[in-house]
Every structure is written in structure tokens, then in C-alpha cells.
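Okay, thanks for coming. Let me put this one up on the screen, and then we'll go through a sheet and a cavity.

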Amino acid sequence: MEQLSDEDLDHTDGGEEDSDKEDQDLDKMFGAWLGELDKLTQSLDDGRPETVQKAPQKAPLRQETNMANFCNRFSMYNINEALNKGGEGVDLDSLMADLCSIEQELSTIGKPNSGKNRLGVPGDAKLRQKPPAGRGTKGHGGAGGSGGGTSSSGGTRRPLASNLDDITAQLEQASLSMDEAGRQSSHSLASSVGTVSEHAVRSISQSSWSSVNSASASSMDSLDSYLRPSEQDGATPTPQGSNQGPPGSTEVGQPVKNKHHCKYNPEREREREREMHSYLDWETSLILQNIAGKPSHLLTKEEQVAKKKAEKIRVALEKIKEAQVKKLVIRVHLSDESSKTMMVDERQTVRQVLDSLLDKSHCGYSPDWSLVETINELQMERIFEDHENLVDSLLNWTRDSQNRLMFIERIEKYALFKNPQNYLLGRKETCEMADRNKEALLEECFCGSSVSVPEMEGVLWLKEDGKKSWKKRYFLLRASGIYYVPKGKAKASRDLVCFLQLDHVNVYYGQDYRSKYKAPTDYCLALKHPQIQKKSQYIKYLCCDDVRTLHQWINGIRIAKYGKTLYVNYQEAMKRTEAAYDWSSLSSSSIKSGSSSSSLPESQSTHCSSDSGVAVSENNLSGHSRSQSQVSSIFSEAWKRGTQDEYSSPVTCLY
Amino acid sequence: LFLSPSISLSLSMAAWDLSVAVEDLGTDAPPITVSVTSDLHIGGVILKLVEKSQVKRDWSDHALWWEQKQQWLLRTAWTLEKCGIQADAGLIFMPQHKPLRLGLPNGLNLRLRVCFSGPVFRTVLGICKMLNIRRPEELSLLRPVEEKKRKKVRDLSEELYDLTEVPLTSVSRPCLYNGMPAHFADSPKTEKVYKMLSVSQPAPAPEAIAKLYRPASVVDKAHIHSRWLDSSRSLMEQGVQENDRLWLRFKYYCFHDLEPKYDAVRLTQMYEQARWAILLEDIDCTEEEMLLFGAIQYHINKLSLSEPQTMTSSPAMDDLDSALQCLEVKLDGANSSPQDMLENLTAPELNDYLKIFRPKRLTLKGYKQYWFKFKDASISYYKSKEESLGEPIQQINLKGCEAAPDVNVAGQKFCIKLLIPAPEGMNEVYLRCENEEQYSSWMAACRLASKGKSLADSSFQSEVQSIRSFLAMQQTNPNTHTDDSMSINTHSLVSPRYSKKYKAKQLTPRILEAYQNVAQLSLTDALLRFLQIWQALPDFGISLVVVRFKGSRKDEVLGITPNRLIRIDLGVGEVVKTWRYNNMRQWNVNWDIRQVAIEFDGNVNIAFSCVTADCKIVHEFIGGYIFMSTRSREQSDTLNEELFHKLTGGHEAL
């Protein structure tokens with residue numbers, strides 16, 4: 001597994017410097033936007049040439065920052081979007097077109113409004129003209145609205161005017177630093193789009209300061225840090241990339257602090273969003289307020305333009321919001337020691353990730369395909385449940401983690417539903433059951449008004465804290481947790497001692513605890529909080545006498561913890577399997593009647609694991625990019641780079 | 001007897017006197033004698049009777065009751081001869097619907113007019129229709145536990161809500177008026193009764209709980225089930241008289257299609273039955289479960305006290321209200337200047353001096369004071385307020401942590417125990433607050449943060465409030481303000497066993513701890529959660545009967561549950577065998593020797609006689625559960641009464 005030094009994280013663009021060509025294209029583009037901003041500053045200077053003063057860096061000049069954010073973010077959106085959906089054949093041209101229109105939008109909004117309004121004159125004029133019109137057409141409703149508008153603009157103008165000195169100075173400084181930032185961030189922009197990989201890096205590696213900055217370097221955050229240092233959670237506005245914090249000591253607080261910065265922060269996000277809206281309101285709200293409720297054919301040209309503008313900005317904002325979704329590049333290991341890398345976004349469930357892996361690897365659908373988390377350090381593993389959020393689970397890993405994510409067929413995953421009689425009836429011996437009865441049993445267990453947890457009870461071995469010795473105890477599973485019978489007591493409910501409640505822990509299969517902890521048998525399970533990654537007294541180890549008991553306990557705990565969700569997951573998986581089977585049987589020339597044979601997917605899967613290496617996936621990808629060769633050059637280049645990055649760069653392949 | 005036609009004709013033609021007591025004339029009034037012939041049908045007898053009584057009134061509900069034979073003569077087309085009635089028959093002419101005192105699961109006693117002539121199953125349908133309880137097949141009537149003499153005195157004074165005047169509707173699902181069935185909305189008195197039906201009752205005093213009958217053993221629990229009335233026979237036939245007391249309870253523990261929207265009464269009564277089952281230790285649970293039950297009860301009590309008005313507001317009004325509110329917000333928003341908006345943008349935070357203690361590596365360092373700042377979902381602390389602009393000493397992200405109270409109001413100790421997950425394990429951190437105020441807001445913040453919510457979350461204030469009100473419960477000193485109606489005795493939330501085991505000041509913090517997991521539930525959700533946990537108990541839904549298995553010499557206990565039968569060895573007190581209905585082929589009752597025989601797949605046969613309960617009760621339980629399981633498959637809402645009787649009726653049904 002690759003270990004990342006802080007330098008690596010900082011300069012993920014190290015590899016990109018060889019290929020400056022693409023960078024320059026993006027540079028050009030970015031330069032154009034920057035030019036726009038320069039024009040803005042100039043127009044400001046023209047308006048009030050005498051106000052060139054040094055000012056503190058904390059001026060709340062939202063408009064410019066937003067604008068800067070705006071272009072930067074939007075570019076990021078496109079790139080992310082491209083990487084995301086490119087594989088699915090989304091037309092990059094349309095994205096490009098979008099981008100251009102937004103660019104135009106920005107210049108049109110930016111020039112007249114931002115320039116004038118801040119001078120305090122034209123905005124006013126507009127205001128004085130509008131209200132009567134509004135009143136005339138709208139009656140009492142309009143009166144309220146325009147009145148509100150007047151007062152609000154009055155409120156804004158004063159502080160604005162008083163801030164003008166600050167603002168202009170600020171802007172100048174901003175444009176200066178923008179140049180520098182531009183150089184750097186255009187780097188990171190060109191480098192891909194790197195946003196994606198860096199996103200991943202920043203969300204995984206939580207313990208180093210530098211990763212924070214490298215992550216933000218690529219996005220508008222870098223601009224933020226120049227223009228709005230006061231917003232930066234009290235952090236000093238050091239230029240990004242230059243400050244390399246020491247790798248955090250592993251105190252609680254340390255990673256936490258970083259996380260605070262690294263993680264996509266919903267609060268801040270909302271804040272930004274509101275700024276955007278305030279920006280919108282500021283610019284066009286006066287007009288919009290007046291035209292509210294007016295039929296469109298009565299609107300003046302100006303009003304129509306304003307309305308259109310507002311609409312466009314709204315759409316753009318929505319797209320940007322979409323683009324803020326956290327993404328993670330993960331490496332998935334296959335059973336043949338090969339691995340493949342893919343990107344998941346924070347909204348994806350394990351099921352969705354499995355589906356896309358299955359789509360890519362052509363190994364045939366089977367509900368048994370699983371994503372398995374193996375924690376090498378603790379010698380334990382767990383099959384992720386289909387409904388779980390993969391990104392959330394993976395974020396529990398430490399940066400230097402030896403953990404692996406396996407994509408593998410595991411019959412344990414849904415054995416519970418294939419042979420429920422072995423798990424739900426509390427029997428000691430395996431037996432057969434008619435399908436009809438199985439169904440009835442499952443329905444009875446999972447579809448009632450409450451899920452009945454199988455009555456698991458019996459003697460298990462419990463590892464003593466900090467020792468390699470195991471003690472026997474009589475354990476019982478209840479919906480409310482795992483209990484044991486204290487010494488010298490009968491197993492009446494009232495006397496049971498609570499061993500663990502299941503809300504905060506997950507259940508793991510222990511591997512080879514016989515040698516690691518001197519466990520009495522090989523059939524061990526462990527219970528721990530998902531965030532715990534190292535040896536700890538908070539991890540509980542249990543050992544069963546035989547493998548059957550182990551599986552019964554693990555499945556019992558899963559039922560107690562997840563309830564009906566588990567069954568829904570299974571049904572969903574089966575549905576997909578059937579659908580996939582139907583499809584595949586149709587596509588092959590021999591159309592069999594849709595019987596659900598279980599041998600077929602298995603044979604396919606063995607076939608799959610032999611050839612689904614990295615090579616295959618790359619072939620697929622190059623195929624994809626070829627099909628999109630007509631896409632405008634900048635982005636097709638960037639895209640290619642991005643995919644290379646995603647699939648070959650050693651830096652991004654953390655897992 | 002085979003009589004020749006001529007003789008039978010002459011016999012039938014001969015008129016004879018039949019004397020019938022008319023209940024409505026009073027017990028002292030002499031019976032009315034009518035002249036009848038044997039081929040006169042029952043309807044004709046009634047007609048003559050009414051004519052002769054010379055009382056003008058609506059007799060349509062009246063029918064003849066044959067006292068000696070304890071049976072109704074409801075088939076009016078049958079002749080006297082066919083019924084076997086002769087001159088010596090003691091017949092009583094009485095109404096079929098009479099008042100009955102009915103104890104509900106929530107302890108409420110109602111007096112209402114019920115059918116005494118139809119099978120109890122039908123009677124229950126009528127009662128449930130009146131009380132607006134859906135799925136009446138899950139309920140039944142049973143005779144109450146005999147009260148001790150001391151109680152009898154109280155019994156007379158106990159409040160009885162009279163609903164005998166309430167007219168019955170014929171609509172299958174009564175239309176709601178003002179949030180309640182129309183027949184309740186007629187008078188303020190009945191409205192009040194309906195509220196009591198649909199809102200859970202306040203917690204009883206712990207002493208009251210201790211006084212109530214609690215089954216002490218498995219056999220005691222089995223005895224309760226001998227009290228169920230036979231669903232296939234009428235109340236009169238089972239010796240129930242006018243104004244007798246009966247209990248209405250959920251009998252079959254599989255609750256189909258629970259829909260809070262329609263099931264206000266059903267849900268409440270179900271909750272009450274569950275609550276009492278737990279409080280009276282009818283069903284066993286662990287300490288943790290008991291505390292959680294206690295916490296949910298507390299929460300439900302609080303909510304039912306504070307939001308009774310939601311009952312009456314119609315959804316349409318709610319919509320309008322919310323629309324208006326929304327509009328208001330919008331207008332406000334339009335008025336606020338960007339400057340105001342900027343001010344709102346600054347995330348709320350808490351800042352204060354607190355003490356922190358980290359029990360690490362056996363160090364005995366005590367609490368140290370720092371300047372704390374709570375922002376978003378994390379706590380950072382600084383040496384002093386002045387240094388709070390710089391780098392914090394440490395910042396702790398609380399997402400996913402467990403925040404538990406460590407509070408002793410009397411001792412003025414207000415600590416928050418935080419268990420924060422980290423790769424190395426859980427980190428324990430104690431925060432010590434100075435006073436209740438500080439504690440309430442910091443604890444609320446910690447709880448929100450543990451769920452990943454920030455201080456800006458709308459639930460922050462309510463969280464603070466709920467912590468405060470719970471702290472108030474801990475005010476053991478009665479001299480301090482007791483105006484808080486929320487303050488209740490935590491001992492009334494748990495069974496007497498735990499009341500004895502723990503003092504209030506031990507119990508309260510533990511309930512508080514459990515409470516934080518349910519504090520945000522709505523009333524309905526809290527009720528449902530309570531029921532869900534109840535249903536998840538291993539002993540849930542087991543009705544016990546003492547039986548003797550064929551070939552065995554000792555008494556054993558048969559447990560009947562919604563999906564299986566279990567055999568419990570009384571000596572060991574453990575389940576020794578389970579039979580599932582899924583594998584059941586058939587069951588038979590030999591009514592002559594009162595023995596139940598059941599055949600399962602794989603040639604498994606069992607047979608037993610019933611000791612504590614009649615075998616009809618066992619038969620009905622098994623048949624009833626089979627019937628309940630058929631419901632989900634057929635989607636229609638109509639109750640298949642015929643099937644129920646077929647499955648539960650026994651030889652009477654045939």
C-alpha cells in the first residue's frame with residue numbers, strides 16, 4: 001500500500017507539470033475570467049480613483065468573492081461532472097456550452113451592476129424609477145414589496161458606501177493575489193481536475209494540514225482564503241501549498257481539527273449558498289420584487305432580462321450545489337489480488353457501488369457479490385450491508401490505514417435468507433425446508449409489525465480485556481442488545497446483565513485469533529465502534545465453539561441491528577439478479593425460461609475474476625474517451641488526464 | 001319420537017298457557033300469560049305478548065330468553081314445538097342490548113350498551129365500532145380479576161363514564177367530526193370521554209401500582225387466560241348479567257395494519273395495555289429495557305399533557321396555518337437587508353468557562369478550567385477567554401459521540417460524559433458545568449452534535465427545554481418550585497421491582513440517559529416505539545395455559561403465541577419444545593374428554609388436556625391466530641366473520 005508523505009499530498013500536480021499543454025489551455029480560460037475580474041476592479045477604480053488605500057484584509061466584499069467563486073466553482077463543477085458522468089456518455093459539449101453561457105452571464109452581470117451599484121448611484125436611480133411602476137401595476141401587493149425593496153436597499157447602501165475605501169483597496173489586493181492564486185489554482189485546475197483526486201485525498205487523509213490546503217487550492221477555497229480570510233474559521237490566510245503542518249499527532253483533537261477543515265462543511269456550504277442568493281437578491285431582487293406576480297407579457301424588456309438572469313443564476317447555483325458532493329477515489333481489491341480503482345460519491349450506497357462494479361466487471365449478477373472491509377491490523381473483516389453509505393464507512397479509516405476493500409462473492413452475506421430455517425429457529429442442526437415455508441418464515445420474521453430477533457443464547461468465550469485469556473459466559477441476544485447471565489443467577493430477563501447495546505457497534509468476523517489472541521477456536525467475532533481502528537479495550541471479542549454458532553450469532557446481531565432493512569436489501573439484490581439474468585439470457589442466443597438457477601452466476605463469476613484486472617478497466621475507459629473524441633479539446637484533454645489520473649496515478653490510489 | 005300425523009296435529013292444535021316475564025315491567029310484576037299452540041312460531045308469541053302487555057314502546061330490540069336452558073330464542077320463525085318449549089318453560093322477555101361496565105386497557109371504566117344476545121365476537125365488534133377501534137377481531141372480553149375486599153370499597157367510588165345514551169352508527173367506518181367519530185361529538189361530556197380514550201393516561205402513583213395484582217409465577221400468569229369469554233356464545237349464555245364488569249383487552253398479539261391516522265384509540269389502548277403489562281411485570285424485561293420503557297412513558301406523558309389541542313385541529317387548517325407562516329417568513333425575508341442576512345449567517349456558538357477532565361492513563365488529575373467554545377459540531381478550548389482568537393489547545397469533534405449525563409442536582413454536580421470514538425478506541429471526556437442553565441445548553445449542544453447537527457438546528461431550543469424539565473424532576477426538595485406540572489415521580493415509570501431496587505435519585509439519571517434517545521420523537525412515534533420494543537421482547541405475545549400432555553403425569557405449561565406453540569417445563573422454567581403453526585396439519589378437540597390433539601408435519605402428534613383454562617379457550621386461541629394470519633393475504637378490509645367462527649367455534653359452530 002502506498003504511503004503518502006505530505007509532499008505528495010501537497011503537490012499532487014507534480015506529475016502534471018510535464019504536460020503543460022493542457023494546463024495552458026485551462027490557464028487561458030481561467031485567465032479570461034480573471035481578466036473579467038480585473039476589469040471589474042478597474043471600473044471600480046475609475047469610479048472612485050481617489051480611494052486607493054491600504055485596507056485590512058477583512059472587508060466583507062461579497063460580490064467579488066462570489067464572482068470569483070462562481071467561475072472557479074463552475075469550472076470545478078464541470079470537471080467533476082465530466083468525470084462522474086463521462087463514463088455514462090454525458091455530452092461534454094453541453095457542459096461546455098453551459099460554462100460559456102455562465103461566463104457570459106457573469107460578464108453581463110458583473111459589469112453594469114457590480115460596478116454601478118457599488119458607487120451608489122445607478123442602483124439608486126433604478127430604484128427611484130421602479131417603485132411607481134410597481135405600484136401602478138400591482139396594487140396593494142406591489143406596494144408592500146417595493147416598500148420592502150426600498151428600505152432594504154437603503155440599508156445596504158450606507159454600509160457599502162462607507163466601506164468603499166476598504167473595498168477598492170481590497171479589490172486591488174485581491175486582483176494582485178488573484179494573479180498569484182490564479183497561477184497556482186489554474187495549475188490545480190488543469191492538474192485535474194485534480195480536484196477529484198484531491199477531494200478524495202482530503203477526505204481520507206485527515207491528519208495533515210497540508211492536505212487541507214492542497215485540497216482547497218484546487219477550488220474556490222483558495223480564493224476565499226485571499227479575499228475572505230476572516231471567513232476561514234480563524235485560520236491565518238497562508239498561501240495554499242506553502243504551509244505544511246506536521247502530520248498530526250494522534251490525539252483526538254488533532255484529526256478532528258483537520259476534519260473540520262477538510263470535510264465538506266454543510267454549515268459553511270449553506271452560508272455560501274445564502275451569499276449567492278443574497279448576491280442574486282442584491283442585483284436583481286429590486287426588479288424581481290416589482291415584477292413578482294406580473295404576467296410575463298406585461299414585463300418590460302429590462303424586467304424580462306432580470307427575470308431570465310435570476311432564473312439562469314438559480315439553475316447555475318443548483319448545479320454548483322450538486323457539484324459540492326464529496327467524492328472518494330477508492331481501490332477495490334478482487335479475489336485474484338488484482339484491484340481496480342473507482343470513484344464513489346458520498347451519496348452512494350453500497351448497493352449502488354456494487355451495481356456499478358458489477359456493470360463494469362461483467363462477472364454476472366449474484367446477490368452474493370459483496371464489498372468486504374478488512375482491517376488487517378485488527379485481523380477482522382465485515383461485509384458491508386447494502387444500505388450502508390460507503391463513503392461514510394470508509395471515512396472511518398485512518399490515513400495510513402492498511403485496511404482493504406474487497407469486491408468478492410460471499411455466500412454468508414445472504415445465507416440467512418436462502419436458508420432462514422438455519423438462522424431464525426434457534427436450532428442446533430442444519431436442515432432443509434420447502435421454499436414455500438422459507439418464504440412464510442421470512443415473512444413472519446421480517447414483515448410483522450416488529451422484527452423478531454432470533455432467540456440466540458448459549459455459552460460463548462469472551463476475551464478478557466488486555467489479556468490473551470478467554471472466559472466462558474452464557475450470552476443471550478435480545479433486540480435491545482447482547483446480555484449475559486451473571487454468575488449464580490438464573491437466566492430470567494430481570495437478572496441479565498447488559499454486555500453491549502448494538503446501536504453504536506458493528507459486528508466483524510475475527511480472523512485467526514487462535515494465534516493472535518490464543519482463542520479457543522477459529523470461530524471468532526468482534527464487536528466495535530466503526531471508528532475504532534486500533535487495538536482498544538473498547539473492542540469486544542467473542543469466540544464460538546463451532547462455525548455454525550458463529551454464523552448464527554453474527555446473523556442474529558445483524559437482524560437485531562438492522563431489522564427489516566436487511567430483508568429489503570436482500571429482496572432488492574434478488575430483484576436485480578433476476579433482472580440481470582433475464583437480460584443476459586435474452587441477449588445470448590439461447591433464451592431460457594427465466595428460472596433462477598444459482599449455478600450460472602457462479603460460473604460467470606469465476607470467469608470474471610480471471611480477467612477483470614486493471615487492464616480490462618482501462619480498456620473500457622479508453623473506449624469511453626474515444627467515443628467522446630469530438631468533445632471540445634480542452635475538456636477532452638482534461639478528461640483524459642483525469643481518467644489517467646484516476647486510474648494510474650499512484651498518488652490517488654490510496655486503497 | 002315419531003308421532004302419527006293425526007296425533008301431532010291434535011297436540012299442536014291444543015292451546016296452552018305460556019307465562020313470560022317481561023323484564024321492563026320490573027321484577028315484581030307478575031309474568032304475562034299468553035295462550036299459545038305448539039305450532040305458533042316465536043314471532044307470534046312475541047306479538048301476543050306485546051299486545052297483552054299494553055305498553056306502547058319500541059320492542060324491536062327485545063327477545064325471549066329461556067332461563068332454565070340459558071339460551072336465547074332468536075329464531076322467530078321457529079315454532080314452539082321446534083324449540084322444545086312447553087308450558088313449564090321459564091321465559092323472560094328482555095332487551096338484547098343492555099348496559100355493561102367495561103374496563104379498558106387504560107384503566108378507564110365505561111358504561112355502555114352492548115349486545116347480550118349475539119356471540120361475544122359480535123358484541124366486541126359492536127363495542128369497538130362504538131369506541132372507534134379498528135381491527136376488533138384482535139380484542140376480546142374477559143372477566144376481571146377478583147378484587148380484594150378492601151378494594152371493593154374504592155370500587156364503588158371509581159369513576160364510571162356513561163356512554164349508554166350514545167347512539168350507535170351503522171356506518172362501518174364512522175366519519176370523523178372534529179377529529180372524533182360523530183357520535184362522540186354530540187356533547188361535551190362524550191367529547192371528554194373520547195379524549196380520555198385516545199390520549200394516554202397520566203402515570204399512576206407508584207403506590208397504586210404496588211397495590212395492583214401482579215402475577216407472581218408462570219402459573220399465575222396462566223390463570224389470567226382462563227378468564228376469556230367464549231367468542232361463539234353470547235354474554236347472557238355465559239352468565240354475564242346487566243351492569244356486570246368485564247375487561248376489554250387485546251387478546252391476539254398480532255396487530256394488523258396499524259395506521260396512526262385512523263387508530264388513535266386503538267394505538268393508545270394498545271400502548272396502555274403494553275405499559276401495564278410491563279409495570280405489573282406480566283412480561284419480563286431487562287433493566288436496560290425497563291429504563292427505556294420508563295423514558296418513553298415519561299416522554300409520552302409529557303407530550304399528551306402538552307399537545308391535546310392537536311386532536312381537534314383539522315388537517316386543512318394546519319395546511320392553511322403553515323402556508324400563512326411560510327408566507328410570513330417570505331415577506332420577512334424580502335424585507336431584511338443583506339446586512340441583516342449577513343448577521344444571520346454567522347453560525348451560533350456557545351462560549352463559556354467550563355472544567356474538563358480526561359480520565360487517562362490512571363492519572364489522578366482533577367478538573368481543569370478552560371475557555372470553551374462550541375461551534376458547529378465541535379468543542380475547542382483555550383487557556384483563557386483572551387486567547388480564544390488564537391489556536392485552541394484542542395478541538396474535539398463530537399460527531400458520532402455518545403453524550404451521557406452525570407448529574408446530581410442535590411449535589412450541584414452537572415457533568416457531561418462524552419465518549420468520543422477515535423481510531424484508537426473511545427476517548428472519555430468529562431465536562432463539568434457550573435449550573436443547570438449552563439449544563440442544559442451545553443448538553444443540548446453535545447447531543448445535537450453527536451447526531452451531526454449544529455447549534456443552528458431548530459431542535460436546539462426544545463432539546464434545552466427537555467433537559468431542563470428533566471432536571472426539574474430531580475429536584476428532590478419539595479420546597480423548591482413545584483409549579484412544573486411535568487415533574488413526575490420516576491418510580492411510577494418502572495415496575496415495583498425496580499422501584500424497590502433503586503432510589504429516585506439513582507433511577508432518574510438512568511432514565512434521563514435513556515430518555516435522550518427518544519426525546520425527539522413525536523407522540524405517535526413514541527407510542528409506536530414503545531409498542532415496537534414491547535413486541536421485540538422475547539416473551540412478547542405468549543399466552544400461557546397449564547396443561548397436561550398425554551402420557552405425562554405432571555402439569556406443564558403450554559404457551560400460545562402468534563406463530564407457534566411452546567412447551568414449558570414448570571420445574572426448569574424453560575422452553576423445551578416449539579411447534580410452529582406453519583408445520584401444523586390439523587388440530588382437533590375431543591369435547592367429550594376435553595382433549596386437544598394437534599398434528600404437525602413429519603407425523604408429529606401431540607395431545608393434551610387443559611388444566612387452568614377450558615379447552616375451548618385453547619382451541620379459540622389457536623384458531624384465532626390461524627385466522628389472524630389469513631388476514632394479511634386478503635387485501636380487503638372486510639372481516640371474514642364466518643371464517644373466524646369456523647376456526648374458533650368448535651362443535652357449537654357446526
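Let's start with one pair: B:Val20 sits opposite B:Ile32, the latter in strand 2 of chain B. Strands here are DSSP E runs of at least two residues and helices are H or I runs of at least four, numbered from the N terminus. Strand 1 (residues 15-22) of chain B is tied to strand 2 by 6 bridges, and the two run antiparallel; pairing takes at least two DSSP bridges.

Quick housekeeping: this is a predicted model, with pLDDT of at least 70 for local features and 80 or more for side-chain atom pairs, while totals for chains, interfaces and linings use all residues. Residues count from 1 along each chain as written, chains are lettered from A and ligands numbered from 1 in written order, and side-chain values use heavy atoms, without hydrogens or water.

So what's the strand order? It's an open sheet of 5 strands in chain B, 2-1-5-3-4, with mixed pairing. Strand 2 (32-37) and strand 4 (71-73) of chain B each have a single partner strand, so one side of each has no neighbour in the sheet.

Over to the cavities, meaning sets of points on a 1 Å grid over the protein atoms alone where a 1.4 Å probe fits but cannot get out; lining residues have an atom within 4 Å of a point. The second largest is lined by 13 residues, with A:Ile383, A:Glu385, A:Val507, A:Ile554 and A:Arg558 nearest its centre. Helix 18 of chain A gives the largest share of that lining, 5 residues.

Terms used. 1 Å grid on protein atoms, 1.4 Å probe; cavity = no way out; pocket = protein on both sides within 12 Å on 5 of 7 lines; lining within 4 Å.
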